[in-house]
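Biologist: Please choose one part of this model and take me through it closely. I would like to know what lies around that part and how it is joined to its neighbours.

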Amino acid sequence: MGFRILGTGSALPERSVTNDDLSEFLDTSDEWIFPRTGIRSRGICTTETLDELAVTACRRALEAAGVSAGELDLIICSTTSGDHLIPAEACAVAELIGASCPAFDLSAACAGFVFALDVADGYLARGRGERVLVVAAEKMSRLVDWSDRATCVLFGDGAAAAVLGPDGENPLALRLTTEPSVDILHVPGVAGSSPYDATERPASVLAMEGRRVFKFGVNAICDSVQALCEQAGVAVDDIDHFVFHQANERILSSAVQRLGIDNAKVARALEETGNISSACIPLALDRLARAGELKGGQLVVLVGFGAGLDTGACLLRWDRPGD
Ligand code: UT7
């Protein structure tokens, strides 16, 4: 027994910032960014809060699922960039949508959505509830160093959610891994004002060894797909949709080539979103669902990877009622 996805939803900020917009204050250009990353623009929060984006994504997912906020038994929010350190972003979502169930955040960087699916699956399997809202909400624009052209051009803001119910067969396979490393992709915590703190207090902005993350990303995708297929006893060719973390088009195309899979089966959203960390996967999934591309019985692989270095991957059979 496992979960089924009952509905999905997503939301992007109103303001779309193009590569040309960035070149107005950074020594960069569309000619550098697009061929190396596949990114043309990204949504950046201006007047909207992350709470608001998350709530919009959740309301859309609840509506698609035909579930009311009052029926929810658990809310998990995957985020590393919430509007609040305390309380959890999930608590703000619960208050704004009018839910009264337990709510907490989960931090596994870009792999967070799949980690959250696993936690939700355990909650449902133990009979602790019947309806779980998993939302990934990220405001990367508050974490990046806007003077560092090598990183700030890669990221964007956004939120996406899925409502899970019981009595499904998912996940068919799941794999979470951590190759512990803090420095490769790191945002130091807030410095605070303790008069006793004698440690170094670096700025709370994102720093990354881009090339190392690139290699890790391609390996993470390829190893995960092979491992999931072995676990479930299916061939890679049997997979209908691949929804990988949207960090860089070149990571996606390297993985496609190495796995020998059909490029058309690989979901892509990053051209207009950039890397929205853990929101990438549910946003791409929501777009496929809303475009009617996910048919009942199809096999869908999700692979998220990023800071940690965490990788979260799962194989699902699409079994949303009505599809
Ligand atoms: O969720 C996971 C997040 N991680 C990622 O998405 C990272 C994956 N890594 C990557 O996508 C690539 O490593 C990057 C796209 C970040 C960088 O590509 P690269 O080919 O590894 O470039 P580089 O960092 O080695 O930089 C090459 C040159 C440098 O100039 P010099 O030192 O050779 O003169 C950089 O200063 O390109 C320069 N550069 C830029 N130039 C214009 C770096 N960023 C930019 C920029 N515009 N935005």
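Modeller: Two strands are said to pair if DSSP finds at least two bridges between them. The model is predicted, and the part to look at is strand β4, which covers residues 74–78.

Start with its neighbours. β4 pairs with strand β5, residues 103–106, in the parallel sense, and four bridges join the two. Within this pairing, the residue of β5 that stands opposite S78 is L106. β4 also pairs with strand β6, residues 132–139. That pairing is parallel too, and has five bridges. Here C77 of β4 has V135 of β6 as its bridge partner.

Next, the connection. Helix α4, residues 89–97, belongs with β4 and β5 to a β-α-β unit, and this unit is right-handed.

Now the two faces of the strand. L74, I76 and S78 lie on one side of β4, and I75 and C77 lie on the other. Each of these residues is buried, so both faces are covered. Buried here means under 20% relative accessible area. Because five of the five residues of β4 fall in that class, the strand is largely enclosed by the rest of the structure.

To put the picture together: β4 pairs in the parallel sense with β5 and with β6, and its faces are both covered.

Definitions and conventions
Residues numbered from 1 in each chain as written. Predicted model: local features only at pLDDT ≥ 70, side-chain atom pairs only at ≥ 80, totals over all residues. Heavy atoms only, no water. Buried < 20%, exposed > 50% of the residue type's maximum accessible area, 1.4 Å probe, protein only. Right-handed = clockwise from strand over helix to strand, strands pointing away.
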